[in-house]
Structure formats: structure tokens, C-alpha cells
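Work through the exercises below with the sequence and the structure open, and try each task before reading its solution.

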Amino acid sequence: MRLSWILNAAKGGRQLLVNCESQATGHRVMRIREKTQDKLEFLHVDPWIDQEVLYKETRKIKTLEKQKVRELHLGRVA
């Protein structure tokens, strides 16, 4: 997934862009979650070993608000 797509997917309200790491290999993906939700844990296919493994949230990258999303998107393009 491209960062610009993730940022554009954020809706109004407070959401977080978080980094999630594979518990098997350390492969990382970014996801969006609501600020009030618990930390993310999900099953996803790890491309390094081509198996479904557990991913856990490791850190917050950015707080997303509707107004900031546009600024971030334009800043990444330039």
C-alpha cells in the first residue's frame, strides 16, 4: 500500500497512522485505526515467508485529522 492512499483513506475525526510488525519476520505495514481503539493485532500474509502470521502494532506514526491529511498528501508529493 502506498502512503498517499492510506492518508487519503482517513476520514474526519481523530485517527492514527500506526506501524505494525510481523511477529515472525519483522516485516512492517502501516494501518489506520481509531484513536479510541485498542492496539491493533491482526492476521495478514507476510510476503517474506508467504504465510499468514500475526501482526502487532509497534508504534504510532501520525495523528490524522481531515485537514492535516491534505497537507500531508501534498507534502509527500513535493
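Two strands are said to pair if DSSP finds at least two bridges between them, and the strands themselves (E, at least two residues), like the helices (H or I, at least four), are DSSP runs numbered from the N terminus. This is a predicted model, in which local features need pLDDT of at least 70 and side-chain atom pairs count only at pLDDT 80 or more, while totals for chains, interfaces and linings use all residues. Residues are numbered from 1 along each chain as its sequence is written, and side-chain values use heavy atoms, with hydrogens and water left out.

**Exercise 1. Find where confidence is highest and where it is lowest in the protein chain.**

Solution. Start with pLDDT, the predictor's confidence in each residue, from 0 to 100; the protein chain averages 80, and 67% of the residues score at least 70. Next, go through the elements: β3 has the highest confidence, at a mean of 96, whereas helix α2 (residues 66-77) has the lowest, at 52. Where pLDDT is low, the predicted coordinates should not be read in detail.

**Exercise 2. Determine the strand order of the sheet and explain why β2 and β3 are each left with one side without a neighbour.**

Solution. First, follow the four strands across the open sheet, which gives the order β2-β1-β4-β3 with antiparallel pairing. Because β2 (28-34) and β3 stand at the edges with a single partner strand each, one side of each has no neighbour in the sheet. Then look at the pairs: β1 and β4 run antiparallel and are joined by eight bridges, and β3 and β4 pair in the antiparallel sense over six bridges. In the latter pair, L43 stands opposite L54 in β4.

**Exercise 3. Locate D50 and decide whether D50 is buried or exposed.**

Solution. Begin with the chain between β3 (41-46) and β4 (51-64), where D50 is found in the loop; the two strands form a hairpin with four residues between them. Most residues other than glycine have a negative phi, but phi of D50 is near 55°, a positive value. For burial, the cut-offs are under 20% relative accessible area for buried, over 50% for exposed and partly exposed in between (1.4 Å probe, protein chains only). D50 therefore counts as exposed, since its relative accessibility is 62%.

**Exercise 4. Describe the surroundings of S22, beginning with its strand.**

Solution. S22 lies in strand β1 and stands opposite Y55 in β4. At 2% relative accessibility, S22 counts as buried. Now consider polar contacts, meaning pairs of N or O atoms within 3.5 Å (within protein, one must be able to donate a hydrogen and the other to accept it, and residues adjacent in sequence count only if both atoms are side-chain atoms). The side chain of S22 makes such a contact with the side chain of D46 at 2.8 Å, and the S22 side chain also reaches the backbone nitrogen of A24 at 3.2 Å.

**Exercise 5. Place T63 and identify the residue whose side chain makes a polar contact with the side chain of T63.**

Solution. T63 is found in strand β4 and, at 16% relative accessibility, counts as buried. The partner is K60, whose side chain is joined to that of T63 by a polar contact of 3.1 Å. Finally, compare positions along the chain and in space: T63 and Q15 are 48 residues apart along the chain, while their C-alpha atoms are separated by 5.9 Å.
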